[in-house]
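Visitor: I am new to protein structures. Could you walk me through this one, step by step?

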Amino acid sequence: IRPDVAPNYVADAQDMRSIFADETFDRWYCDPPYNEENALKMYDTRLPNFQKLLKEGARVVKPRSLMFFLIGPKNYQICPPEIERIGMIFMTVVPNNELRCLNIYHKIANKFN
């Protein structure tokens, strides 16, 4: 956490129930560390569980919301039943041309359980 940017909230994005109620937001965007090495080096933490991040994202967005999840080159087919993946955009990141994938989801259920 960088104090110079004065964040409004500090939480583990895998479980934000103590901060945000169900269906609070119209959009969700997540850009976690891409591997264990980056998580430790850049954020001094372990790599988060991508399925937990996606499930928590689905919980905090309203029905019909878009969700954007930028991850490394792994292809995650499994997602909570309340959402569906509607797109994937592959890109490379300079200077080393690492592959990244922007997964785009749509929340289709009325209530996350």
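What follows is a short round of questions and answers on this protein chain.

Visitor: What kind of model is this, and how are residues numbered?
Guide: This is a predicted model, where local features need pLDDT of at least 70, side-chain atom pairs count only at pLDDT 80 or more, and totals for chains, interfaces and linings use all residues. Side-chain values use heavy atoms, with hydrogens and water left out, and residues are numbered from 1 along each chain as its sequence is written.

Visitor: In what pattern do the helices and strands follow along the sequence?
Guide: Helices (H or I, at least four residues) and strands (E, at least two) are DSSP runs, numbered from the N terminus. The protein chain has two helices and four strands. Read along the sequence, the pattern is β-α-α-β-β-β.

Visitor: What is the radius of gyration of the protein chain?
Guide: The radius is taken over C-alpha atoms, and the globule rule is 2.2 Å times the number of residues to the power 0.38. For 113 residues, that rule puts a compact globule near 13 Å. The value for the protein chain agrees with this: 15 Å.

Visitor: What box do the C-alpha atoms fill?
Guide: Take the box along the principal axes. The C-alpha atoms of the protein chain then fill roughly 40 × 30 × 20 Å.

Visitor: What percentage of the residues count as buried?
Guide: Buried means under 20% relative accessible area, exposed means over 50%, and partly exposed lies in between (1.4 Å probe, protein chains only). Of the 113 residues in the protein chain, the buried part is 33%.

Visitor: Which element gives the most to the largest nonpolar core?
Guide: A nonpolar core is a set of buried Ala, Val, Leu, Ile, Met, Phe, Trp, Tyr and Cys residues joined through side-chain atoms within 4.5 Å. The largest one has 15 residues, and Trp 28, Leu 54 and Ile 83 are among those with the most contacts inside it. Strand 1 (25-30), helix 2 (50-60) and strand 2 (61-71) each give two or more residues. The most, five residues, come from helix 2.

Visitor: Why might such residues gather inside?
Guide: There is a general trend in soluble globular proteins. Nonpolar side chains tend to be buried together.

Visitor: Which strands do the buried residues of helix 2 pack against?
Guide: Helix 2 is mostly covered, with eight of its 11 residues buried. Among them are Phe 50, Leu 53, Glu 56 and Arg 59. These buried residues pack against strand 1, strand 2, strand 3 and strand 4 (98-107).

Visitor: Which residues are in contact with Val 60, leaving aside its neighbours within four places in sequence?
Guide: Contact means heavy atoms within 4.5 Å. Val 60 is one of the buried residues of helix 2. Past those neighbours, its contacts are Met 16, Phe 20, Ala 21, Glu 23, Thr 24, Phe 25 and Trp 28.

Visitor: Is Ile 83 buried or exposed?
Guide: Ile 83 lies in strand 3 (residues 83-93). Leaving aside neighbours within four places, its contacts include Leu 54, Met 67 and Tyr 105. Its relative accessible area is 4%, so Ile 83 is buried.

Visitor: How far apart in space are Tyr 105 and Ile 83, C-alpha to C-alpha?
Guide: Tyr 105 sits in strand 4. At 1% relative accessibility, Tyr 105 counts as buried. Tyr 105 and Ile 83 are 22 residues apart in sequence. In space, C-alpha to C-alpha, they are separated by 6.4 Å.

Visitor: Where is Asp 44 found?
Guide: Phi of Asp 44 is near 55°, a positive value in a residue other than glycine. At 68% relative accessibility, Asp 44 counts as exposed. Its place is the loop between helix 1 (36-43) and helix 2.

Visitor: Where does Ala 6 lie?
Guide: Ala 6 also has a positive phi, near 45°, and is a residue other than glycine. Its relative accessibility is 54%, so Ala 6 counts as exposed. Ala 6 lies in the segment before strand 1.

Visitor: What separates the C-alpha atoms of Asn 35 and Pro 48?
Guide: Asn 35 is in the loop between strand 1 and helix 1. With a relative accessible area of 29%, Asn 35 is partly exposed. Asn 35 and Pro 48 are 13 residues apart along the chain, and their C-alpha atoms are separated by 9.1 Å.
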